[in-house]
Amino acid sequence: QHRSPHDLVTGSQLPQTSPCPLAAPTVEFLLSQASSPDSSQPPGRTDGERSFLDSTCLCCLPVVAVSRKEKTGPATTLRAGASTYMGRRPRRVKYVFLPFLVSAMRPSSFAVPGKAPVSRLVFGTLRLHEAERPYALLDEAWRLGIRAFDTARVYGAGECEKILGEWLRGATNDYGNGVFYDHDAAVLRRREATVVTKGGCGDGSTFWRPDLAKGSLRRELEMSVRALGGTVDVYVLHRDERERDVGEICRTMQAFIDAELINAWGVSNWHVDRIEEAIHYARSRGLAPPRCSSLQDSLARPSQEPWPGTVYMDDRQRKWYARHKHDIAVLGWETLGKGFLAGRWNEDDLLAGDGDLLLRDRDRSRDDDLVLDDSSSVDVYSDSWREMRLKTAYLTEDNFRRRDRAALFARAKGDFRPEHVAIAWCLAQDYEAHVITATVNPDHLRSNVRALALHLSAQDVHWLTSGSTPDNLDLLAKATAAAEQKKSSSSVLERVAR
């Protein structure tokens, strides 16, 4: 319905304050680079289009509609370039997908030698072995621009590392034709992907008890190297063995780097006092310091550690990471509070039937020694234990209020949901923040990428956290009313058009 190839509209409305610097230049770039197709050959891509399309991903936002009535000129070549890239016939393509959300985020300072900076969204493989088509899921993450992948030796008893390793070797789902290996894809993935794997703790049967002895770590790391098909980009210690001297740990990690088993190392579920000690020790002796720290980081603040032996972000640690943002990056997990911020559970669940048990478990679980002593009588793989653990951690009055504010903020910003706000909230912190998104649902993965189009100011972050900024609340109320009015006006126009 558009009369000119230059008459472009976005199919999805993004906030006017979108941080993307590529949106407008991208459209002009593609149109300016396109040329009229040769009459004897199917329209193809120019060098400019090929360079742009091959160096980025295809993302679902925004969708740019181009007139199908234009038979020649820039629009035809533009359609042909995108359709050739997507493997479709060029004549019937109506939409060009502009990839920018992941790559347009502010640059990360976290990078390993020989690799690009780690993407703000990191694909988590916690449940990758449960996916119906895991290679297709990894393909989708790559298509969306995600270039960092988080796994662990204990995930799926090693199966998740194995699947990720096969994908890095070029394994790809051919959408109904089984699995095949693409050599070119393998080369590209190895060159651009940053792989983070974790080790140094047992599985659930040991309550994830840490073991950071050099011999144990090396045996586990060598299994990870074989599964992943080469040197590990970032090796993360999954738990902290606080009884072990931090100097011994730093020397062990340096030995692994010298042996070319890993390129860099980090920690997971460590408290900041130990991290600071490790950084100081390593630098004072010319060793490689830890480069990243993975812990629970979410708008929904847990009332206790979500899982035994883990660490969650609190106000004290948040300030420390902000002061050391040039030293260490944060890889946040359970950003959505295991679905709490996406609508899982309601306030009735807080007191429904097992409310007394929930509160009692919350008090008892604050004693780490008691939890470990009870490990022999606890089935950590049972749904009931996991459900109770999550409810105890996340179902608090304060978290319900935070979720309500996220829902209000999402409505005020337009076509967003609370989970988008939750991801954007983490990425808007003062420290070097990255979000691990672990899902086996491609729709959820695409939805999480949409959160990158949502920009939060420091005032927004403060209000979502505490709700103590009345001016911002008034602003949100006005924005919500304006959004509702716009929606109503659109409905009237649609009725008139019909």
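**Strand S13 and the parallel barrel**

Strand S13 is covered on both faces: Ala433, Val435 and Thr437 on one side, and His434 and Ile436 on the other, are all buried. In the predicted model described here, five of the five residues of S13 are thus buried. In a regular strand the side chains alternate between the two faces of the sheet.

S13 belongs to a barrel that eight strands close in the order S4-S5-S8-S9-S10-S11-S12-S13, with parallel pairing. On average, neighbouring strands of this sheet are turned by 30° against each other, direction ignored. Strands of a sheet pair through backbone hydrogen bonds, either parallel or antiparallel. S13 has strand S12 (residues 329-333) as a parallel partner, joined to it by three bridges. Within this pairing, Leu331 stands opposite His434, and the bridge partner of Gly332 is Val435. Strand S4 (residues 121-124) also runs parallel to S13 and is joined to it by three bridges; here Val122 stands opposite Ile436.

Strand S8 (residues 194-199) offers a second view of the barrel. Six of its six residues are buried, so S8 is largely enclosed by the rest of the structure. Thr194, Val196 and Lys198 point one way from the strand, whereas Val195, Thr197 and Gly199 point the other way, and all are buried. Pairing with strand S5 (residues 148-150) is in the parallel sense and extends over three bridges, with Phe149 of S5 opposite Val195 of S8. S8 is also joined to S9 by four bridges, the two strands running parallel; in this pairing Thr197 stands opposite Tyr235 of S9.

Helices were examined next. Helix H8 (residues 246-258) lies across strand S9 (232-237) and strand S10 (262-268), and runs at about 150° to S10. Helix H4 (residues 134-143) has nine of its ten residues buried and is therefore largely enclosed by the rest of the structure. The buried residues of H4 are Pro134, Tyr135, Ala136, Leu137, Leu138, Asp139, Glu140, Ala141 and Trp142, a list that includes the acidic residues Asp139 and Glu140. After H4 comes Gly145, whose phi is positive, near 100°.

Helix H5 (residues 159-168) is likewise mostly covered, with eight of its ten residues buried. These are Cys160, Glu161, Ile163, Leu164, Gly165, Glu166, Trp167 and Leu168. Cys160 has a relative accessible area of 0% and is therefore buried, the cut-off being under 20%. Just after H5, Gly170 takes a positive phi of about 110°.

Outside the regular elements, Thr335 is found in the loop between S12 and helix H11 (347-351). Its relative accessibility is 4%, so Thr335 counts as buried. When residues up to four places away in sequence are not counted, Thr335 touches Asp297, Ser298, Leu299, Leu341, Ala422, Ile423, Cys426 and Val435. One of these contacts, Val435, lies on the face of S13 that also carries Ala433 and Thr437. Another, Cys426, counts as buried because its relative accessibility is 1%. A search of the whole structure finds zero disulfides.

In soluble globular proteins, nonpolar side chains tend to be buried together. The largest nonpolar core in the model holds 110 residues, of which Trp265 and Tyr321 touch the most other members. Helix H16 (residues 418-427) supplies the largest share of this core, seven residues. Trp265 falls within the range of strand S10 (262-268), and Cys426, a contact of Thr335, falls within the range of H16 (residues 418-427).

Over the protein as a whole, there are 19 helices and 13 strands. Buried residues account for 52% of the 498 residues. Among contacts between residues at least 6 apart in sequence, 77% join residues at least 24 apart. The protein exposes about 23200 Å², and carbon and sulfur atoms supply 50% of this area.

Technical notes
Residues are numbered from 1 along each chain as its sequence is written. This is a predicted model: local features need pLDDT of at least 70, side-chain atom pairs count only at pLDDT 80 or more; totals for chains, interfaces and linings use all residues. Side-chain values use heavy atoms; hydrogens and water are left out. Two strands pair if DSSP finds at least two bridges between them. Axes are lines fitted to C-alpha atoms, for helices over the stretch in contact, and angles run from 0 to 180 degrees between N-to-C directions. Contact means heavy atoms within 4.5 Å. Buried means under 20% relative accessible area, exposed over 50%, partly exposed in between (1.4 Å probe, protein chains only). A nonpolar core is a set of buried Ala, Val, Leu, Ile, Met, Phe, Trp, Tyr and Cys residues joined through side-chain atoms within 4.5 Å. A disulfide is a pair of cysteine sulfur atoms within 2.5 Å. Accessible areas come from the Shrake-Rupley method with a 1.4 Å probe; for residues, only the protein chains shown count as cover.
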